[in-house]
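Good morning, colleagues. Please take a moment to look at the sequence and the structure before I begin.

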Amino acid sequence: MNYKIEGGNLPVLICQLEAGEQMKCEGGSMSWMDDEIEMQTKGGGVGKMFGKMFSGEKMFSNIYVAKKPGEIAFASSFPGSIRAVQITPDKPVIAQKSAFLASFGDVEMSIFFQKKLKAGAFGGEGFIMQKFTGNGIVFLEIDGAAIEYDIPAGDCKIIDTGYLAAMDGTCTMDTRTVKGVKNVLFGGEGLFNTVVNGPGHIILQSMPIQKTAGAIDPFITKTTSN
């Protein structure tokens, strides 16, 4: 499989498959494909289907198999970026809900529960995230521009709510209370920040969809009321 990502901040993943190769995506993610590609819809069992639902994905997955060499494309559902992340047996990746666009190879998606109550309640990423394991490539949707960092062991990155898109399974997530009454009341950053501890690689996003929705909501409400 060869792939390229085009479209700038309105990205689309374009994959060239050889005969017998296949891609997996959630239902409705395929944008266009050649006639040489064949679709198969699978649920994956009741447990996996409900797991997908709780992690923000559709309950059924589509598998696209190339009968002959052909092209298939998957467009992002939101202005931003698409990142290709290599998954190996010793390198699982944890991502925000609804990040999954498509995968190639033996990649399995499951739900990941935040074990720390405070991190799940106030970290901005929620109790439920997505975990990718196996051996292959997973393509993730990122809200806005994707900024990547490697966090050494013993170090951390402090992140505002919603800006964490993905992290290596070796990372851990917690929250930190913003210090100072004036900082909390007038700083505009809220009461908690997300803290991601290394070692591991993280992907941040510059335009979380929740913040974007909050920014444009007053204008939509005003237009509707008029």
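I shall go from the chain as a whole to its strands, and then to individual residues.

Please keep in mind that this is a predicted model. The chain has 226 residues, and 41% of them are buried. Its secondary structure consists of 17 strands and 4 helices. If one takes the contacts between residues at least 6 apart in sequence, 78% of them join residues at least 24 apart. The exposed area of the chain is about 11800 Å², of which carbon and sulfur atoms supply 58%.

Let me start at the N-terminal strands. Strand β1, residues 2-6, and strand β2 run antiparallel and are joined by 5 bridges. One of the facing pairs is N2 with its bridge partner Q16 in β2. Together, β1 and β2 make a hairpin with 5 residues between the strands, and in the turn G7 has a positive phi of about 100°.

How covered is strand β2? Of its 6 residues, 12-17, 5 are buried, so the strand is mostly covered; the cut-off for buried is under 20% relative accessible area. Besides β1, strand β2 has a further partner: 6 bridges join β2 to strand β7, residues 70-75, and these two also run antiparallel. Here L17 stands opposite G70 in β7.

As a reminder, strands of a sheet pair through backbone hydrogen bonds, either parallel or antiparallel.

I turn now to a sheet further along the chain. This is an open sheet of 3 strands in the order β13-β16-β15, and the pairing is antiparallel. Its edge strands are β13, residues 156-159, and β15, residues 172-177, each of which pairs on one side only. On average, neighbouring strands of this sheet are turned by 30° against each other, direction ignored. Between β13 and β16, residues 192-197, there are 4 bridges. Within this pairing, C156 stands opposite N197 in β16.

After β16 comes a backbone feature that deserves a look. The loop between β16 and β17 contains P199. The peptide bond leading from G198 to P199 is cis, with omega near 10°.

Strand β17, residues 200-205, holds the next residue I wish to discuss, I202. Is I202 buried or exposed? Its relative accessible area is 0%, so I202 counts as buried, the limit being under 20%. Beyond its neighbours within four places in sequence, I202 is in contact with a set of residues that includes I147, Y149, I151, I159, L164, M167 and V196. Also in that set are E148, K157, A166 and C171. Take A166 as an example: A166 and I202 are 36 residues apart in sequence, yet their C-alpha atoms are 5.7 Å apart in space.

E148 brings me to the salt bridges, of which the structure holds 2. In one of them, the side chains of R83 and E148 meet at 2.7 Å, N to O. R83 belongs to strand β8, residues 80-87, and E148 to strand β12, residues 146-151, so this pair ties together parts that are 65 residues apart in sequence. R83 is partly exposed at 27% relative accessibility, and E148 is partly exposed at 36%.

The other salt bridge joins the side chains of E6 and K4, at 3.4 Å from N to O. E6 has a relative accessible area of 38% and is partly exposed; K4, at 42%, is likewise partly exposed.

Two further points concern the loops and the surface. S98 is not a glycine, yet it has a positive phi of about 70°. Where does S98 lie? S98 is in the loop between β9, residues 93-95, and β10, residues 100-113. With a relative accessible area of 39%, S98 counts as partly exposed.

Finally, which residues make the nonpolar surface patch of about 320 Å²? They are I216, F219 and I220. Of these, I216 lies in helix α4, residues 209-225. I216 is partly exposed, at 42% relative accessibility.

To close, I would return to two contrasting isoleucines: I202 is buried at 0%, whereas I216 is partly exposed at 42%. Thank you for your attention.

Key:
Residues numbered from 1 in each chain as written. Predicted model: local features only at pLDDT ≥ 70, side-chain atom pairs only at ≥ 80, totals over all residues. Heavy atoms only, no water. Buried < 20%, exposed > 50% of the residue type's maximum accessible area, 1.4 Å probe, protein only. Contact = heavy atoms within 4.5 Å. Areas by Shrake-Rupley, 256 points an atom, 1.4 Å probe, with all protein chains shown as cover. Pairing = 2+ DSSP bridges. Axes fitted to C-alpha atoms, helices over the stretch in contact; angles between N-to-C directions. Patch = residues over 30% accessible without salt bridge, like charges linked within 9 Å, V, L, I, M, F, W, Y side chains within 5 Å. Salt bridge = Lys/Arg side-chain N within 4 Å of Asp/Glu carboxyl O.
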